[in-house]
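Hi,

Here is the structure I promised to pass on. Have a look at it first, and my notes follow underneath.

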Amino acid sequence: MKFFLIVAACAMLHAQVYHFGKVWDGEKTINDADIVVDHGEIVSVGPAQHAQAVNMTRYTAIPGMIDAHTHMTYVLNIPVGRAGRGAATVYLSQDNAKKTLETGVTTVRNLGASNYADIAMRDLIDKGLMVGPRMFVSGYGLQKPRGNGNGGRGGPQMATGPEEVAKVVKEQVDAGADVIKMYASTGSGQDVTGDQTFNYDEIKAAVDAAHAAGKRIAIHTYGPAAARDAVRAGADSIEHATDMDDETIAEMARKKIFYVPTIDHNRYYVDNAEMLRYRPGATDALNDFIKRNLETAKKCVRAGVRFAMGSDAVYTMFGQNTRELAWFVRAGMTPEQALKTATVDGAALLQKEDKLGCLKPGCYADIAAVEGNPLEDIDAAISKVRWVMKAGAVVVDKR
Ligand SMILES: [Zn+2]
């Protein structure tokens, strides 16, 4: 009996207690609740009863959010000599990581980086040597050489034919990738063409190689053709895709394949077309793409496709990671459904449902405190994040 009392007393010494006005745990709302945190994890969420609790009654606690599509190592204007730019990338990317945390995003799935800068960042953050969200990273995103190839791969991300594709997938896994990324169509920045690049056999080879290594695979496609093949091949998530046909959408719902539409990233490109020195008229094409992207998202919502929130943030878009949620509400989701895409659903995509995107005993103590009720107005989660905890440590405090 004495022993238990001592253990309980010690546990309380280490534990931190936060008293919130509301807690949305990923499933339901609990009013006037204490979250007890210990050793980076949530011990309990329940009725307020701790005298020593930190007073957070002005705020609603939501799980630290998950951005399922980032490019954390994309930095503009690297002010060092050409040869040193790759090495400078990780250092300069710290700002992107900090701005991401400020949005209440405590986990990202980073889909595409050069020189394994993403793996360096992930490991530095995991070891507490850099401040940033938990990162699940892909290494290089597979690409198909364009034009009539003159032999040779032309870069560590390049592959042609199923065998080479499987080899490049394995290289990413061996380098330490958590997830595989494949660019199966054109389209990026001001280029909104969605011409399929990898064919069905190549996509299937990538899916099979990723799954054989125990990894999930995200397929980038701007157009419907590569999306159709990726869904048929059993990919785990489809990034961006517009104009998907009803049959493909139905198959996505049936196979529980995630849709990560990243509608807002083209809004960012429209807003910053001048700074990015896009060609005249680029914004018309981008706006047209946004319209079709939103229409496709509406169809997917109606068909019951699972979504994950991904910003596709690059350059100066970090800090705007969660604006995508407003597009999801426009696409027909309730605020709560939208919030789930950035919490429980994102966690399911990462296969971390018991640890991420939840505020329940055993989940990581990743918490965002927001002003207002995001279940009534999604903007609370987008622009009213005042305090963020990651693994039990306060990383943002704007109270
Ligand atoms: Zn991307």
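**What I found**

Helix α3 (residues 117–126) lies across β6 and β7, running at about 150 degrees to β7. Angles here run from 0 to 180 degrees between N-to-C directions, with axes fitted to C-alpha atoms, for helices over the stretch in contact; contact means heavy atoms within 4.5 Å. Helices (H or I, at least four residues) and strands (E, at least two) are DSSP runs, numbered from the N terminus.

Before the rest, some small print: this is a predicted model, where local features need pLDDT of at least 70 and side-chain atom pairs count only at pLDDT 80 or more, while totals for chains, interfaces and linings use all residues. Residues are numbered from 1 along each chain as its sequence is written, and side-chain values use heavy atoms, with hydrogens and water left out.

**Sheets**

The strands under that helix belong to an open sheet of 3 strands, ordered β5-β6-β7 with parallel pairing. Its edge strands are β5 and β7 (134–137), each of which pairs on one side only. From one strand to the next, the twist averages 20 degrees. Two strands count as paired if DSSP finds at least two bridges between them; β5 and β6 (residues 105–110) have 4 bridges, in the parallel sense. Asp-67 has Val-108 in β6 as its bridge partner.

There is also an open sheet of 7 strands with mixed pairing, in the order β3-β2-β1-β4-β12-β13-β14. β3 (41–47) and β14 (393–397) each have a single partner strand, so one side of each is left without a neighbour in the sheet. Direction ignored, neighbouring strands of this sheet are turned by 35 degrees against each other on average. Inside it, β4 (residues 54–63) and β12 (residues 367–371) pair antiparallel over 5 bridges, and Ile-62 stands opposite Ala-368 in β12.

**Zinc site**

Which residues hold the zinc ion? The protein donors are His-69 (NE2), His-71 (NE2) and Asp-312 (OD), at 2.0 to 2.4 Å from the ion. His-71 sits in the loop between β5 (65–70) and α2 (85–102), and Asp-312 in the loop between α9 (282–303) and α10 (324–330), so the pair ties together parts that are 241 residues apart in sequence. Donors are N, O and S atoms within 2.8 Å of the metal (3.2 Å for Na, K and Ca), and the site may look incomplete because water is not among the atoms. Both His-71 and Asp-312 are buried, meaning under 20% relative accessible area (exposed is over 50%, partly exposed in between; 1.4 Å probe, protein chains only).

**Cores and cysteines**

The largest nonpolar core has 86 residues, of which Ile-238 and Leu-325 touch the most other members. The biggest contribution to this core, 7 residues, comes from α9. Apart from it lies another core, of 16 residues, including Tyr-18, Met-56, Leu-359 and Ala-369. A core here is a set of buried Ala, Val, Leu, Ile, Met, Phe, Trp, Tyr and Cys residues joined through side-chain atoms within 4.5 Å.

Finally, the structure holds 1 disulfide, which joins Cys-358 to Cys-363 with an S to S distance of 2.1 Å; the cut-off is a pair of cysteine sulfur atoms within 2.5 Å. The torsion about its S-S bond is about -115 degrees, so the disulfide is left-handed. Cys-358 is buried at 6% relative accessible area, and Cys-363 is buried at 3%.

Cheers
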